[in-house]
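Colleague: I've got this predicted model open, and I'm a bit lost. Could you zoom in on one part and walk me through what's around it?

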Amino acid sequence: LATDLVGRATNNLPVFILSSQFSPAIVGAYTLCSRMLGIPISIIGSSLAEVFKQKVTELYHTKGEFSFFFKKTLKSLVLISIIPLILCLLFAPKLFH
């Protein structure tokens, strides 16, 4: 319960900070973009978490450890996320200028 409160406060903190410096239209655009980008991330994240928890539980019960699987999963997710990150860094200034 406390972690949910902290999580929500952390997610909404940029809105409060931006609202002190920018107009309501800009803050609204930020909030809309943040929510729209958050939808696919949360869907993919919850699916990955479910599979990860299942596999980790299975490995822990059979082998007693899962550090190799954790490192392999982390490496895979970092490599997968680098491509969209580079594309955003390259094309976002041109798209939003």
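Modeller: Sure, let's start at Cys 33. Cys 33 counts as partly exposed because its relative accessible area is 46%, and that label covers values between 20% and 50%. Is Cys 33 in a disulfide or in no disulfide? The rule asks for two cysteine sulfur atoms within 2.5 Å, and by that rule the count here comes to zero. For Cys 33, the nearest cysteine sulfur belongs to Cys 88 and is 12 Å away, so with a cut-off of 2.5 Å, Cys 33 is in no disulfide. Look from the other end and the story matches: Cys 88 has the sulfur of Cys 33 as its nearest, at 12 Å, and is in no disulfide either.

Now for the helices. When two helices pack, people describe them by the angle between their axes and by the distance between those axes. Take helix H1, residues 2–21, and H2: their axes come within 9 Å and cross at roughly 160°. That angle is over 145°, so H1 is roughly antiparallel to H2. The crossing is right-handed. On the H1 side, Pro 14, Val 15, Leu 18 and Ser 19 make the contact, and on the H2 side it's Val 27, Tyr 30 and Thr 31. Sort those by class and you get five nonpolar residues, two polar ones and no charged ones.

Next, follow H2 (residues 24–63) over to its other partner, H3 (residues 67–95): the two pack at about 160°, with axes 11 Å apart. Again the angle is over 145°, so H2 is roughly antiparallel to H3. This crossing is right-handed too. Leu 48, Phe 52, Lys 55, Val 56 and Leu 59 of H2 meet Phe 69, Phe 70, Thr 73 and Leu 77 of H3. By class, that contact has seven nonpolar residues, one polar and one charged.

Between H2 and H3 there's a loop, and Phe 66 lies in it. Phe 66 is partly exposed because its relative accessible area is 32%, in between the 20% and 50% cut-offs. What does Phe 66 touch, once you set aside neighbours within four places in sequence? Val 56, Leu 59 and Tyr 60. You can also check its distance to Lys 55: eleven residues apart along the chain, their C-alpha atoms are separated by 8.8 Å.

One last stop in H2: His 61. His 61 counts as exposed because its relative accessibility is 65%, and the cut-off for that label is over 50%. Try drawing a line in your viewer from His 61 to Pro 93: they're 32 residues apart in sequence, and C-alpha to C-alpha they're 49 Å apart in space.

Key: Residues numbered from 1 in each chain as written. Predicted model: local features only at pLDDT ≥ 70, side-chain atom pairs only at ≥ 80, totals over all residues. Heavy atoms only, no water. Buried < 20%, exposed > 50% of the residue type's maximum accessible area, 1.4 Å probe, protein only. Axes fitted to C-alpha atoms, helices over the stretch in contact; angles between N-to-C directions. Helix = DSSP H or I, 4+ residues; strand = E, 2+ residues; numbered from the N terminus. Parallel < 35°, antiparallel > 145°, perpendicular 65-115°, else oblique. Left-handed = near helix turned anticlockwise from the far one by under 90°. Contact = heavy atoms within 4.5 Å. Nonpolar A, V, L, I, M, F, W, Y, C, P; charged D, E, K, R; others polar.
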